[in-house]
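Hello,

Here is the structure for your set. Please open it alongside this email; my notes on it follow below.

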Amino acid sequence: MTSTVILSVLDQFGGSKLLPPEKIRWIQPAPLPSKPIELAFKEALATPIGAKPFEREKCWSPAIIVSDYTRKYSPFVSNLIGMIESKTDDIKIIFAGGTHIPSETDFIRKVVGEDVYGRYQKNIRISSTKNPTSKYEWIGMTTRGTPLELNKELFDRDLLISSLNVQPHYFAGYEGGSKALLPGCSGLKTITTNHGYVIGNPDCRELAIKGNAIREDMNEVPGVLREFMKIEHRILDFVLNQDSSMVRAAYGDPNEAHQQLAENYSRRAHAVKGNPSPLVLTVADGPTGRNLYQALKATAFASNLTVPQHEPKSTVMLVASLEDGVGGDAFRSEMELYGRMEPDKVVDDLKKRAKLGKVTEASQKPNRLALDSKRTDFMVVSPKAPGPVEELLSKTQIRFYRSIDDALGSLDKRLYEREVAVIPHGSSTVPLTS
């Protein structure tokens, strides 16, 4: 069964004749017990965490905040609309996109459903620094000095309810929680300042909340919003198994409820112990695999499983569709600048830029690649990636191939003479070696 599942995953990308089933070691957490979406919703609302029950909230003019097309989206929009309509129909629906390209209409309709879309189309907003209609306003500072500029569409609301998927994130610890606001609904200066805390900081990584400067900075935003704008933020976040079945949802305080979901459920659903391997093949599945910028998150997770100081050097092979291309001009510029630079020089230069306030929203990508490249090389396989992906990677030390076997054929056979670790859900699986 295991081999069948893995081979079917590889077959989506042309398969491999050089990796027989007996050489493949499947890296995937065991699924947690699942439940129907309606039950998860009812349980979450019946047991709020760190917040009053919804029935006691003011909720005169609320907003529902959901993720954009680069994330697994919330199944609870219609449930939330039905619940809120008992109090008011003055409801905004905000798609939190941070610096991403705005979500398209087809995706929005799929997330909210045709009935909700028909009734609330005029109340739907897209928060993105690439959306000309998104306007941001300064409301205060975090204790680390991050200037908080949030989308003005939030400011005529009294209650924000965000609903995001909680899974590991390669520098914020986990998706979800206060990430709905920062970066989701924040301006570019806020995002770049916050993301700059990752530079040269190994504590800003997957599965880390306490001591993670980026996550701790994000977690201050709801408090600033409450103090200066009198707007409350609640979450209805959720954890999914790798097959997208519902594990658990939680309603309540954006930090307390999120931490419980992250540490008690996401960590169990998405982290798995495994033996190190000199070659790790990871598949950037789902929406994360659509562009190179997002797909490289899977390489960060997979690098945990490589063998340090191996001879020949360990390698992570990223397999992804990359159908949407590179993933942004800022990312392209950062990769062109640092793609062939030595790792220590990359981090040193990024630190200098961070002190001058000149990092971009994409600077964390070459930072993590530099940190991980001390123990592993990287290669990318994508049969159908558009030309600009191949062109960009040709300017870096990341090798690009159109087939798995072409990539394998370029490697020293000692890397895969015994077994290869394969992560079929690389976008949300964090392998641990201890």
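**Aromatic contacts**

Tyr-73 has a relative accessibility of 31%, so this residue counts as partly exposed. Phe-107 sits at 12% relative accessible area and is therefore buried. Please keep in mind that this is a predicted model.

The count of aromatic pairs comes to six. Tyr-73 and Phe-107 make one of them, edge-to-face, with 5.8 Å centre to centre and 85 degrees between the planes. What does this pair tie together? Tyr-73 is in the loop between strand 2 and helix 3, while Phe-107 belongs to helix 4, so the pair links parts that are 34 residues apart in sequence.

Phe-107 also pairs with Phe-95. Their ring centres are 6.1 Å apart and the planes stand at 70 degrees; planes over 60 degrees apart count as edge-to-face, so this pair is edge-to-face. Phe-95 lies in strand 3 and Phe-107 in helix 4, so here the parts tied together are 12 residues apart in sequence. Both Phe-95 and Phe-107 are buried.

Elsewhere, Phe-41, Phe-76 and Phe-238 form one aromatic cluster.

**Confidence**

The mean pLDDT of the chain is 96. A pLDDT of 70 or more is reached by 98% of the residues. Residues 1-6 need care: their pLDDT is below 50. That stretch has six contacts in the model beyond near neighbours in sequence.

**The mixed sheet**

One open sheet has six strands in the order 4-3-2-7-10-11. Its pairing is mixed. Strand 4 (124-127) and strand 11 (246-252) are the edge strands, and each pairs on one side only. On average, neighbouring strands in this sheet are turned by 20 degrees against each other, direction ignored.

Strand 2 (residues 62-67) runs parallel to strand 3 (residues 92-96), and five bridges pair them. Which residue of strand 3 is the bridge partner of Val-66? The partner is Phe-95, the residue whose ring pairs with that of Phe-107.

Two helices to look at here:

- Helix 3 (residues 77-84) packs on the sheet and touches strand 2, strand 3, strand 7 (159-163) and strand 10 (232-240). The direction of helix 3 makes about 175 degrees with that of strand 2.
- Helix 4 (residues 105-112) packs on the sheet too, touching strand 2, strand 3 and strand 4. The direction of helix 4 makes about 120 degrees with that of strand 3.

**The parallel sheet**

A further open sheet of six strands has the order 1-17-13-14-15-16, and its pairing is parallel. Which strands stand at the edges? They are strand 1 and strand 16 (399-401). Each has a single partner strand, so one side of each is left without a neighbour in the sheet. Neighbouring strands here are turned by 25 degrees against each other on average, direction ignored.

Helix 10 (residues 292-302) packs on this sheet. Helix 10 touches strand 13, strand 14 (314-319), strand 15 and strand 17, and its direction makes about 145 degrees with that of strand 14.

Strand 17 pairs with two strands named below. Strand 1 (residues 24-26) pairs with strand 17 in the parallel sense over three bridges, with Ile-24 bridged to Val-420. Strand 13 (residues 279-283) also pairs with strand 17 in the parallel sense over three bridges, and Leu-281 stands opposite Val-422.

In a regular strand the side chains alternate between the two faces of the sheet. In strand 17 (residues 420-423), Val-420 and Val-422 point one way, and Ala-421 and Ile-423 the other way. Are these residues buried or exposed? All are buried.

At the other end of the strand order, strand 15 (residues 376-381) and strand 16 run parallel, joined by three bridges. Val-381 stands opposite Tyr-401 there.

**Nonpolar cores**

The largest nonpolar core has 53 residues. Ile-65, Leu-154, Leu-160 and Leu-225 have the most contacts inside it. Helix 9 (residues 256-270) gives the most to this core, with four residues.

A second, separate core has 33 residues, including Phe-107, Ile-161, Leu-240 and Met-246.

Leu-160 is worth a look. Leaving aside neighbours within four places in sequence, its contacts include Ala-63, Ile-65, Leu-154, Leu-181 and Leu-225. Ile-231, Glu-232, His-233 and Arg-234 are also among them.

Best wishes

Technical notes: Residues are numbered from 1 along each chain as its sequence is written. This is a predicted model: local features need pLDDT of at least 70, side-chain atom pairs count only at pLDDT 80 or more; totals for chains, interfaces and linings use all residues. Side-chain values use heavy atoms; hydrogens and water are left out. Two strands pair if DSSP finds at least two bridges between them. Axes are lines fitted to C-alpha atoms, for helices over the stretch in contact, and angles run from 0 to 180 degrees between N-to-C directions. Contact means heavy atoms within 4.5 Å. pLDDT is the predictor's confidence in each residue, from 0 to 100. A nonpolar core is a set of buried Ala, Val, Leu, Ile, Met, Phe, Trp, Tyr and Cys residues joined through side-chain atoms within 4.5 Å. Buried means under 20% relative accessible area, exposed over 50%, partly exposed in between (1.4 Å probe, protein chains only). Rings of Phe, Tyr and Trp (its six-membered ring) pair if their centres lie within 6.5 Å; planes under 30 degrees apart count as stacked, over 60 as edge-to-face and the rest as tilted.
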